[in-house]
Amino acid sequence: MEIEVLHIDECPSWSVAAERVHEALDRLGLSDANVRTRLLGTPDEAGATAFAGSPTLTLDGDDLFPSEGRTADLACRVYLTDSGLAGMPTTDQLVEAIRSRI
């Protein structure tokens with residue numbers, strides 16, 4: 001299992017999103033899972049991935065929060081949470097998204 005945090009340099013949310021991924025994996029007893037971050041610097045790099053805005057969180061290459069929003073634009077992403085729109089999913093949302101795929 002590999003989780004990847006795809007992000008752009010200008011995104012303020014990606015590092016907290018990566019922390020939340022680790023928290024979710026710990027809750028699921030999967031702390032040994034491989035988590036990596038990948039900085040996307042060009043539209044070509046973004047277009048070659050499952051990128052839907054920064055941060056995009058993938059599990060084995062598939063977006064954990066699939067949408068019709070796949071893009072090559074180097075832009076931020078928003079997630080719908082219980083508290084409204086946010087720059088990243090909650091840890092609880094990550095736990096559910098990961099659990100549904102394992």
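Two strands pair if DSSP finds at least two bridges between them. The exercises below concern a predicted model.

**Exercise 1. Strand β3 and its partners**

Task: Find which strands pair with β3, and which residues stand across from T58.

Solution:
1. Take β1 and β3 to begin with. Four bridges link these strands, in the antiparallel sense.
2. Locate T58 in β3; the residue opposite is E4.
3. Turn to β4. This strand runs antiparallel to β3, and two bridges join them.
4. The pairing rule asks for at least two bridges, and β3 and β4 have two.
5. On the β4 side, T58 has D63 as its bridge partner.

**Exercise 2. The faces of β3**

Task: Decide whether the two faces of β3 are covered or open.

Solution:
1. Sort the residues by side: T56 and T58 lie on one, L57 and L59 on the other.
2. Apply the cut-off: buried means under 20% relative accessible area.
3. All four residues are buried, and both faces of β3 are covered.

**Exercise 3. The turn after β3**

Task: Describe the link between β3 and β4 and the backbone of D60.

Solution:
1. β3 and β4 make a hairpin, with two residues between the strands.
2. D60 is placed in this loop.
3. Its phi is near 50°, a positive value although D60 is not a glycine.
4. D60 has a relative accessible area of 54%, so this residue is exposed; the cut-off for that class is over 50%.

**Exercise 4. The peptide bond before P55**

Task: State what kind of peptide bond joins S54 and P55, and where P55 lies.

Solution:
1. Read omega for the bond between S54 and P55: the value is about 0°.
2. The bond is cis.
3. P55 belongs to the loop between α2 (43-47) and β3.

**Exercise 5. Helix α3**

Task: List the buried residues of α3 and name elements that cover them.

Solution:
1. Helix α3 spans residues 91-99.
2. Its buried residues are T91, L94, V95, A97 and I98.
3. Residues three or four places apart in an α-helix point the same way, because there are 3.6 residues a turn.
4. Among the elements covering the buried residues of α3 are β1 (2-7), α1 (14-27) and β3 (56-59).

**Exercise 6. A nonpolar surface patch**

Task: Identify the residues of the nonpolar patch and place V78.

Solution:
1. The patch consists of V78, L80 and L85, with about 360 Å² of accessible area together.
2. V78 sits in the loop between β4 (62-63) and β5 (79-81).
3. V78 counts as exposed because its relative accessibility is 56%.

Key
Residues are numbered from 1 along each chain as its sequence is written. This is a predicted model: local features need pLDDT of at least 70, side-chain atom pairs count only at pLDDT 80 or more; totals for chains, interfaces and linings use all residues. Side-chain values use heavy atoms; hydrogens and water are left out. Buried means under 20% relative accessible area, exposed over 50%, partly exposed in between (1.4 Å probe, protein chains only). Contact means heavy atoms within 4.5 Å. Patches are made of residues with over 30% relative accessible area and no salt bridge: like charges are joined within 9 Å, nonpolar side chains (Val, Leu, Ile, Met, Phe, Trp, Tyr) within 5 Å. Accessible areas come from the Shrake-Rupley method with a 1.4 Å probe; for residues, only the protein chains shown count as cover. A salt bridge is a side-chain nitrogen of Lys or Arg within 4 Å of a carboxyl oxygen of Asp or Glu.
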